[in-house]
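Subject: Structure for you to look at

Dear colleague,

I am handing over the structure we spoke about, and my notes on what was found in it follow below. Please read them with the structure open beside you.

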Amino acid sequence: MRAGEFAYRALLEEIQSGSLAAGTVLAEVEQAERLGVSRTPLREALRRLTADGLVEQLSPRITVVAAIDADDIRALFALRRALEETTARAAASADGRAEFTELAARFADAAEALGDEEGRAQYYALIARFDEALDAAVGNDYLTAALRTVRTHLVRVRRMARDKPARLAASAGEHRLIAEAIGSGDGDLAAHATHVHLHNALASILDSLNTEDHRVSSRAGSAGARSTTPGEPAGSAGARSTTPSGKKARA
């Protein structure tokens, strides 16, 4: 594997997994040394990540992991809904749909195995296989390319709801219904089931964001109250530790 490709994949995985959080500064020298590559392939990787929308250049010398907020996620899901409903409907009219019947059975089994990390990892691998089957069934390079961009961001967003076993189990059931509809050649049901799944997924992710924002606000407020000095309003110390966007600054 070329050094630039290696650096790109390594940074992509770390951003998608959350190991590199939003706002993390990606200093060229530091990241090149950490990944064991020279600065030229590191720059190549950063350019690709910038094109993906996963990092942003704040200045010629400062590159950071891009933030993603509720508005970004809603916009992503608006595009995802249009693409995936179209894809599901098209796949239901394609030849060789037996694979989707098999995938439906596997999603039914997956719903019973989400209680541990291994089961959840297998579930996400099953979703990846489902996506590959959709791409192959539709056979539209333009649609596949658009979906690839959405999925690049979606891996990152999905992890926001990973601590909700009930939601994952419901998601497995929703995927089973989509796969069954495609396998039986029912395009209307496949598109509708996709619409319902995406509605539920978006609601769950936004709920996770709201819960986390509340936790962060509560912690910041408590810290501010404890650190006040005579004559200083409660919470002002906490306010100093946030960035202009209101997010806590990195230590």
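In what follows, two residues are said to be in contact when heavy atoms of theirs lie within 4.5 Å. Please also keep in mind that this is a predicted model.

With that meaning of contact, Tyr-124, Ile-127, Asp-131, Asp-135 and Val-138 in helix 6 meet Leu-143, Thr-144, Leu-147, Arg-151 and Arg-158 in helix 7. The axes of these two helices come within 11 Å and cross at roughly 170 degrees, and because angles over 145 degrees count as roughly antiparallel, helix 6 is described as roughly antiparallel to helix 7. By type, the residues of this contact divide into five nonpolar, one polar and four charged.

The other main finding concerns enclosed space, since the structure holds two cavities of 30 Å³ or more. The largest cavity contains about 180 Å³ of space and is lined by 16 residues, among which Tyr-124, Arg-158, Arg-167, Ser-171 and Ala-201 lie nearest its centre. Two or more residues of that lining come from each of helix 4 (70-92), helix 6 (117-138), helix 7 (141-158), helix 8 (165-183) and helix 9 (187-226). Nine residues of the lining are nonpolar, four are polar and three are charged. Tyr-124 and Arg-158, named here beside the centre of the largest cavity, also take part in the contact of helix 6 with helix 7.

The second largest cavity holds about 80 Å³ of space, and its lining is made up of Arg-80, Glu-84, Ala-88, Ile-127, Phe-130, Asp-131, Leu-134, Arg-158, His-175, Ile-178, Thr-194 and His-197. Helix 4, helix 6, helix 8 and helix 9 each supply at least two of these residues, and helix 6 gives the most, with four. This lining divides into five nonpolar, three polar and four charged residues.

One residue of that second lining deserves a separate paragraph, and the question I put to it was this: is Glu-84 buried or exposed? Glu-84, which lies in helix 4, has a relative accessible area of 14% and is therefore buried, the cut-off for that word being under 20%. Leaving aside its neighbours within four places in sequence, Glu-84 is in contact with Leu-147, Thr-194 and Leu-198. Of these partners, Thr-194 also belongs to the lining of the second largest cavity, while Leu-147 is one of the helix 7 residues that meet helix 6.

With best wishes

Conventions. Residues numbered from 1 in each chain as written. Predicted model: local features only at pLDDT ≥ 70, side-chain atom pairs only at ≥ 80, totals over all residues. Heavy atoms only, no water. 1 Å grid on protein atoms, 1.4 Å probe; cavity = no way out; pocket = protein on both sides within 12 Å on 5 of 7 lines; lining within 4 Å. Points joined across faces, edges and corners; volume = space filled by probe spheres on them. Nonpolar A, V, L, I, M, F, W, Y, C, P; charged D, E, K, R; others polar. Buried < 20%, exposed > 50% of the residue type's maximum accessible area, 1.4 Å probe, protein only. Axes fitted to C-alpha atoms, helices over the stretch in contact; angles between N-to-C directions. Parallel < 35°, antiparallel > 145°, perpendicular 65-115°, else oblique.
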